[in-house]
Amino acid sequence: MTITAWDEIRTAYHVARIGTVSGAAEVLGVHHATVIRHIDALEAGLGAKLFQRHSRGYTATEAGADLLRVAQATDDQFAQLVSRIRGQGDAVDGELVVTSLGAFSPFLTPALVRFQALHPGLVVRFLTDERVYRLEYGEAHVAIRAGAAPQEPDNVAQAFGAELFTLYASRSYAERRGLPDGDADLAQHDFVAHDMFDNRAPFNRWLNETIPPERRVFRGTDDRVLRDAIVSGAGLGFLPVFQAEKMDDLLPALAPRPEWSVPIWLVTHVDLHRTTKVQELLKFLKSEASSWAGFSAVEQHSTRQTHEDRQKDAGLAERGE
């Protein structure tokens with residue numbers, strides 16, 4: 001099927017978003033019978049059920065959820081296009097979707113609250129999950145990611161900084177076992193560590209290379225569990241410096257090292273990268289990061305650009321902009 005009926009897709013998008021035919025009809029300014037006709041025609045053309053009908057309304061099926069993501073991205077891009085055409089793209093309002101790991105919340109949530117206060121017309125949606133949100137489908141405007149530089153085509157990745165980690169021990173563990181006297185003494189200590197030995201965090205790779213596996217006596221898969229085990233005295237373990245420094249019962253076992261730091265990236269899709277809303281947030285986060293304890297901000301640079309991006313940048317450079 002060649003899909004050309006954007007009206008039908010847009011109708012399905014609003015039904016999935018709102019959950020009722022009447023609600024979608026009100027937003028679209030059409031009769032509810034038109035909404036039902038659009039849904040029926042789209043399902044017939046696709047040969048798949050997009051919604052489960054029930055007494056409370058419509059719930060998207062898996063196929064409907066896929067369509068919703070694509071339609072949402074398209075709708076957002078149309079809105080950005082209209083704003084640029086009308087010369088009104090300088091507004092910072094509407095929805096701003098940011099995604100990251102939940103562990104970054106102590107850094108990011110206060111910053112996003114302050115950013116929203118500067119722009120009262122803005123609705124911030126801060127989505128935290130282990131999965132990688134797909135910017136090309138419009139699932140987020142800005143992603144804050146950890147680890148190696150993102151490599152998705154047409155995404156712009158900027159080095160944002162590094163989250164500092166070091167080894168900590170609880171006071172009860174230090175009283176019972178003492179603290180290590182340098183690296184040579186580490187094999188005599190117990191460790192709290194991730195249960196997956198192939199975990200890609202820099203400090204976990206260091207543990208694999210430095211500490212005998214049998215010394216990893218308490219293991220888990222949730223950062224909160226590992227933190228609580230360290231606090232409870234199960235062994236030495238890695239924690240973010242900003243988090244550990246707020247806990248009176250923890251002592252640094254070794255000083256922070258660059259090879260333990262976790263690189264952090266600001267990631268945007270090229271279609272939205274230069275919009276005012278995204279640029280204002282990026283500029284604000286870079287300014288905020290300079291004051292974050294336990295975070296080492298770095299000089300910004302793009303790691304991936306499209307051919308069109310490079311041409312635009314070359315043109316700006318030639319004009320001295």
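Two strands count as paired if DSSP finds at least two bridges between them. Keep that in mind for strand 7 and strand 11, which run antiparallel and are joined by 3 bridges. What you're looking at is a predicted model, and here's a quick tour of two of its sheets and some of its helices.

**The 3-strand sheet**
- This open sheet has 3 strands in the order 10-7-11, and the pairing is antiparallel.
- Strand 10 and strand 11 (250-252) sit at the edges with a single partner strand each, so one side of each has no neighbour in the sheet.
- From one strand to the next, the twist averages 55°.
- Want a spot to look at? Find Ser-170, which stands opposite Leu-250 in strand 11.
- Helix 8 (residues 223-231) lies across strand 7, strand 10 and strand 11, and it runs at about 115° to strand 10.

**The 6-strand sheet**
- Here you get an open sheet of 6 strands, ordered 4-3-5-12-6-13, and this time the pairing is mixed.
- The edges belong to strand 4 (122-128) and strand 13 (295-297); each has a single partner strand, so one side of each is left without a neighbour in the sheet.
- Ignoring direction, neighbouring strands of this sheet are turned by 25° against each other on average.
- Strand 6 (residues 155-163) and strand 12 run antiparallel, with 8 bridges joining them.
- Ala-157 stands opposite Val-267 in strand 12.
- Helix 5 (residues 105-118) lies across several strands, including strand 3 (94-100) and strand 5 (142-146), and runs at about 170° to strand 4.

**Helix 1 against helix 3**
- Two packed helices are described by the angle between their axes and the distance between the axes.
- For helix 1 (residues 6-18) and helix 3 (residues 32-46), that angle is about 110° and the axes are 9 Å apart.
- Angles of 65 to 115 degrees count as roughly perpendicular, which is why helix 1 is called roughly perpendicular to helix 3.
- On the helix 1 side, the residues in the contact are Asp-7, Glu-8, Ile-9, Thr-11, Ala-12 and Val-15.
- They meet Val-35, His-38, Ile-39, Ala-41 and Leu-42 in helix 3.
- Sort the residues of this contact by type and you get 7 nonpolar, 2 polar and 2 charged.

**Helix 7 and its cover**
- Which residues are buried in helix 7 (residues 202-210)? They are Pro-202, Phe-203, Asn-204, Trp-206 and Leu-207.
- What covers these buried residues includes strand 7 (165-170), strand 8 (191-194), strand 9 (216-220), strand 10 (237-240) and strand 12 (262-269).

Terms used:
Residues are numbered from 1 along each chain as its sequence is written. This is a predicted model: local features need pLDDT of at least 70, side-chain atom pairs count only at pLDDT 80 or more; totals for chains, interfaces and linings use all residues. Side-chain values use heavy atoms; hydrogens and water are left out. Axes are lines fitted to C-alpha atoms, for helices over the stretch in contact, and angles run from 0 to 180 degrees between N-to-C directions. Helices (H or I, at least four residues) and strands (E, at least two) are DSSP runs, numbered from the N terminus. Angles under 35 degrees count as roughly parallel, over 145 as roughly antiparallel, 65 to 115 as roughly perpendicular and the rest as oblique. Contact means heavy atoms within 4.5 Å. Ala, Val, Leu, Ile, Met, Phe, Trp, Tyr, Cys and Pro count as nonpolar, Asp, Glu, Lys and Arg as charged, and the others, Gly among them, as polar. Buried means under 20% relative accessible area, exposed over 50%, partly exposed in between (1.4 Å probe, protein chains only).
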